[in-house]
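User: I am new to this structure and would like to go through it in questions and answers. Please show it to me before we start.

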Amino acid sequence: MTAGALARRRSFPVLLGLVMVVAAIALVEVLIRVGLINRFIVPLPSQIGASFERVIVEEGIPERFWLTLREAFWATLLLSVFGVGIGVLLHRFRILRLATETWVAAFASAPTVLMYPLFLVIFGRSANTIIMMGFVAGLAPVILKTVEGLASTRRVLIDVGRSFKLTPSQLYWKIYFPAALPSIFVGIKLGMIFALINIVGVEFLINFGGLGQLINELAERYDLPGTYAAICFVILVSVLFFIITERLERWLRPVN
Amino acid sequence: MAETGQLTHPALAMPAVSRVTVLRVAILATILVVWEAVAASGLLFRDVVPSLWVIGRAVANLLVENDFYWHLGVTAGEIGIGLVIGGTAGLVVGIVLGGSRFLSRAFEHYLYYLGPTPKIIFFPVMIMWFGVGPGSKVAMGTISCFFPIALSVAAGMRQIDDVLIRVGRSFRANTWQMVTKIYLPAMRAPIVNGVRLGLGVAIIGTLLAETKLSNRGVGFLIINSYSTFNMPRMYSLLIVVFVLSIGVNTLVSRLGNLDAVKTR
């Protein structure tokens, strides 16, 4: 295969990107070994790689992962139920929507995670604080996307429903809801991502729970390779989570 | 004229206060009354839900306190520097990635997936690199706002009208001229949107870092009021921070809308 043909292939840039990242990591390794980067500040990438197994086995990563996942699950469940519920309510009563939609949008742009000390006081230093933080952080996008989806239901579908003399509840379940489902899924996906970010963040901040706490603990023990490895692990988990939710969303989205 | 054939309706008599406003006031009043009732009933710990008067007094005290403005200045400075560094880096990376399909395919998915990861977990590393002072908070602000700005600019680059780029090329504009005369003016809306998103996460990143380890800044004040269990002060700090950040967010998005109107 000639170089030109290779360059035309779709995977070539991706491969090159990967090679560059690996090369950058190798460069950092070399710079540390020759002493240009202080190894007490940045541990050797090879050391980080080697400490992965230790962190996974000794620090109970599977249990922590499971704990964070459970917190994310409860937060997602809460924000789906309340977010979609409030969204339906705002759509059903137009005046309510007119009155409060800007508030919800403002709430979405507010740094809600800063309320964590307040939640600590209310719910204690427990998983409840973390779940509630995730819930509050992810609520606004679910509400906004639900309202958006319901409001953009095609007129013709609603007219079909009316011509069949559907009752208001039938109209909701048979027409509005299915039509708004893709938008609602986008909202829940966004909410879930916000929830996960905040859950891991708050775990780190209050030194309690799953993966976030692990980073805090290793950093406080001054276990540098372990800290870096744990950070890499959390990033890996988050990235995997985004890829899975993205695939799921694409799979659920009806083909127009 | 298009309007000439139209029927003109007599102007409807508008009530002095619209129903929406009435509802808004009613909702707010209900929330405040319920809050006050809970505070007075003692169902929850009194300090957790303090009376509105106590919170109001705490807000007033905070706003006349000189120290608060010093801490606010520290935080604003950290966020500002973080936004300048992260924003500039994001702009450059966004223009480079958005301008080249090859580079975009090679690197953009890393940004796309790293963007939504929780940035606060990098804080221990930032402390190691930049110390426990404001440096590590600036770094948190920087890495927080870099991703949304870079991604927004990269997407904006791809939406620039080809005609504009061809005009620039036909005038033999060099790279610097292309960036300043074509790319940046054409991308005003996505840049403003990126800055709006970036500013939001920079505020969060910096303040969270301050709550974790710091002896100055508004984040420090919040966690300090938690440590001393001064709930009215915590509420007042949260209210002020929320109002300020929502205000700044609205201001920046207005800026974006103004641009949209101008370019129409």
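What follows is a set of questions and answers on the confidence of the model, the interface and one salt bridge.

Analyst: This is a predicted model, in which local features need pLDDT of at least 70 and side-chain atom pairs count only at pLDDT 80 or more, while totals for chains, interfaces and linings use all residues. Residues are numbered from 1 along each chain as its sequence is written, chains are lettered from A and ligands numbered from 1 in the order in which they are written, and side-chain values use heavy atoms, with hydrogens and water left out.

User: Which element of chain A has the highest mean pLDDT?

Analyst: pLDDT is the predictor's confidence in each residue, from 0 to 100. Chain A has a mean of 88, with 95% of its residues at 70 or more. Helices here are DSSP runs (H or I, at least four residues), numbered from the N terminus. Among the elements of chain A, helix α1 (residues 3-8) has the lowest mean, 57, and the highest, 93, belongs to helix α7 (residues 127-151).

User: Over which residues of chain B does pLDDT stay under 50?

Analyst: Chain B averages 87, and 91% of the residues score at least 70. One stretch of chain B has 0 contacts (heavy atoms within 4.5 Å) beyond four places in sequence. The stretch where pLDDT stays under 50 is residues 1-11.

User: How many salt bridges are there between chain A and chain B?

Analyst: In contact across the interface are 54 residues of chain A and 46 residues of chain B. A salt bridge needs a side-chain nitrogen of Lys or Arg within 4 Å of a carboxyl oxygen of Asp or Glu. Over all chains the count is 10, but between chain A and chain B it is 0.

User: Which helix gives the most to the side of chain A that touches chain B?

Analyst: By class, that side of chain A has 43 nonpolar residues (Ala, Val, Leu, Ile, Met, Phe, Trp, Tyr, Cys and Pro), 9 polar and 2 charged (Asp, Glu, Lys and Arg), with Gly among the polar ones. Helices that each supply at least two residues include α9 (168-206) and α11 (224-252) of chain A. The most, 11 residues, comes from α11(A).

User: How far apart in sequence are Glu29(A) and Arg33(A)?

Analyst: The side chains of Glu29(A) and Arg33(A) form a salt bridge, at 2.9 Å from N to O. Both belong to helix α2 of chain A, so about one helical turn separates them. Their spacing in sequence is 4 residues.
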